[in-house]
Amino acid sequence: MARDSKIINLAFDILCFTLVLIDYIVTKTLLYGTTEKLYPIKQGFFCEDKSIQLPLKKPWLDYAGLCTLAYIISIVVIMIVESCNQWKRADEKHEEEEEESFGPITVKPWIVSTIALIFIFVFGGFLNEIITDLAKISVGRLRPSFREVCQANLTKSDCQLGYIPDVRCTGDEYDVKMARMSFPSGHSSLSMYAMLYLAFYIQSAVRTETKLIKPLLQVVVVSLALYVGLSRIAENAHFLSDVVAGFVLGAIIAWLMTFKVLKLFAIRIRKPKVYTLLPQQPKQISTPED
């Protein structure tokens, strides 16, 4: 009965992940793969608004580099730490751990834990990106470099109206679409999510007798996320409020994944280790018959 419950929970987890993955792919494809689908709300502007007339700068970290930083590095760190912890446990116990069974498949517990940590980490990352992209579409805030990207031919009569609700841009259509998605910062939200998740994981999983190695590693990874986000202001890609909103969003998702979904600090001191998105059924204790 317990084995059937475990398989059912695993099936639901995979279903949830698959649905989020499909939503992630569809959103990214329609938003970034075309100039027509999922177009952000068109916000107007004032001619005298200097905040959207800043020069466009080339970013030092593109989306591919961001994904490498957020996903690949974090996953590699998790795999290394879990492997080292298992090696230490094997030396201390000098015995094989009982394997966990999932139907006809049996897997070592530490491998299950590692897969679950990565599985939920990626799940949270996809959720974070979906929420960020939907917010960008819903708000449609103009980037600091919008006027340069738009290249609108505005006349004095146009500016005499004050607020311009709609403008015809002559710049590249795709770049203009991207210039309408300033809030919140996607670089900030994803980098903060990944690095804060990693900081929480380091606190929970890294086994060391030294006092300073954990805070040092945590400060390094969180500082890296802060640098990624704040650099977007220097590149005239976002406003400070965009970056702060991205940091807050990423931090909330990281907190939810580590404390509410994984219960990262609780499972290290409680057995059996259970990684699932669904609550486990309580075990029934048999009582002797009267």
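Here are a few worked exercises on helix packing in this predicted model.

**Exercise 1.** Work out how helix 3 and helix 7 are oriented relative to each other.

*Solution.* Start with the geometry: two packed helices are described by the angle between their axes and the distance between the axes. For helix 3 (residues 109-139) and helix 7 (residues 186-205), the angle is about 155° and the axes are 9 Å apart. Next, bring in the cut-off: an angle over 145 degrees counts as roughly antiparallel. Helix 3 and helix 7 are therefore roughly antiparallel. To finish, add the handedness: helix 3 passes helix 7 in a right-handed crossing.

**Exercise 2.** Find which residues make the contact between helix 3 and helix 7, and sort them by class.

*Solution.* Take the helix 3 side to begin with: Leu117, Ile120, Phe121, Gly124, Gly125, Asn128, Glu129, Thr132 and Lys136. Across from them, helix 7 supplies Gly186, Ser189, Leu190, Tyr193, Ala194, Tyr197 and Tyr201. Now sort by class: eight residues in this contact are nonpolar, six are polar and two are charged.

**Exercise 3.** Glu129 of helix 3 also pairs up with Lys28; say what kind of pair this is and what it ties together.

*Solution.* The two side chains meet in a salt bridge, with N to O at 2.9 Å. Then place the partners: Lys28 sits in helix 1 (residues 2-32) and Glu129 in helix 3, so the bridge links parts that are 101 residues apart in sequence. For context, the whole structure has four salt bridges.

**Exercise 4.** Set the UniProt "transmembrane region" annotation against the model for residues 110-131 and 181-200.

*Solution.* First, check the record: the unreviewed UniProt entry gives this annotation to several spans, including 110-131 and 181-200. Then look at the model. Residues 110-131 are 100% helix and 0% strand, and their end C-alpha atoms are 32 Å apart. Residues 181-200 come out at 75% helix and 0% strand, with 30 Å between the end C-alpha atoms.

**Exercise 5.** Run the packing analysis again for helix 8 and helix 9.

*Solution.* Geometry goes first: the axes of helix 8 (residues 213-234) and helix 9 (residues 240-261) come within 8 Å and cross at roughly 155°. That makes the two helices roughly antiparallel. Their crossing is right-handed. On to the contact: helix 8 brings Ala225, Leu226, Gly229, Leu230 and Ile233, while helix 9 brings Leu240, Val243 and Phe247. By class, that's seven nonpolar, one polar and no charged residues.

How values were computed: Residues are numbered from 1 along each chain as its sequence is written. This is a predicted model: local features need pLDDT of at least 70, side-chain atom pairs count only at pLDDT 80 or more; totals for chains, interfaces and linings use all residues. Side-chain values use heavy atoms; hydrogens and water are left out. Axes are lines fitted to C-alpha atoms, for helices over the stretch in contact, and angles run from 0 to 180 degrees between N-to-C directions. Helices (H or I, at least four residues) and strands (E, at least two) are DSSP runs, numbered from the N terminus. Angles under 35 degrees count as roughly parallel, over 145 as roughly antiparallel, 65 to 115 as roughly perpendicular and the rest as oblique. A crossing is left-handed if the near helix is turned anticlockwise from the far one by less than a right angle, and right-handed if clockwise. Contact means heavy atoms within 4.5 Å. Ala, Val, Leu, Ile, Met, Phe, Trp, Tyr, Cys and Pro count as nonpolar, Asp, Glu, Lys and Arg as charged, and the others, Gly among them, as polar. UniProt positions are given in the numbering used here, feature names are shortened, and annotations may be inferred rather than shown by experiment.
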